[in-house]
Amino acid sequence: IERTIRRLISVAQLNRVTQLDIIVVNDGSNDNTKEVLNRLKQEFSSLNVIHHETNLGIGVSFREALSSAKYDKILVIPADDTHLEFT
């Protein structure tokens, strides 16, 4: 997840994106995702993190992310960064 967030921010900076709101839904991960996201939130003000204590599913996660979005344009990227190459 850290790699994906850093790459998104890097690409946004390269393209001079001025309005950026990265919404990450941690849907009950039982690894160190919560800690990583909380640390990155301290570093990047454009990062909005939603934590679920248990897995609520992609539908709930997507609806929550949409309801917290600040801007009109949305891009969905899987956390493992396997479906989209940013560079």
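**Exercise 1. In this predicted model, what holds the side chains of Arg39 and Glu2 together, and which helices do they come from?**

Step 1. Start with the atoms: Arg39 and Glu2 meet in a salt bridge, with N and O 2.8 Å apart.
Step 2. Now place them. Arg39 sits in helix 2 and Glu2 in helix 1, 37 residues apart, so the pair ties together distant parts of the chain.
Step 3. Check the exposure. Arg39 has a relative accessible area of 41%, so it counts as partly exposed; Glu2, at 24%, is partly exposed too.

**Exercise 2. Which residue of helix 1 forms a salt bridge with Glu2, and which network does Glu2 belong to?**

Step 1. Look for Arg6: its closest N and O atoms with Glu2 are 3.0 Å apart, a salt bridge.
Step 2. Both residues lie in helix 1, four residues apart, or about one turn.
Step 3. Put the pieces together: Glu2, Arg6, Arg39 and Glu43 are linked in a network of salt bridges.

**Exercise 3. Does the length of helix 1 agree or disagree with its residue count, and what do its buried residues pack against?**

Step 1. Take 1.5 Å a residue: the 13 residues of helix 1 (2-14) should span 18 Å.
Step 2. Compare that with the end C-alpha atoms, which are 18 Å apart, so the two agree.
Step 3. List the buried residues: Thr4, Ile5, Arg7, Ile9 and Ala12.
Step 4. Find their partners: these buried residues pack against strand 1 (22-27), helix 2 (33-43) and strand 2 (47-52).

Technical notes. Residues are numbered from 1 along each chain as its sequence is written. This is a predicted model: local features need pLDDT of at least 70, side-chain atom pairs count only at pLDDT 80 or more; totals for chains, interfaces and linings use all residues. Side-chain values use heavy atoms; hydrogens and water are left out. Helices (H or I, at least four residues) and strands (E, at least two) are DSSP runs, numbered from the N terminus. The expected span of a helix is 1.5 Å times one less than its number of residues. Buried means under 20% relative accessible area, exposed over 50%, partly exposed in between (1.4 Å probe, protein chains only). Contact means heavy atoms within 4.5 Å. A salt bridge is a side-chain nitrogen of Lys or Arg within 4 Å of a carboxyl oxygen of Asp or Glu.
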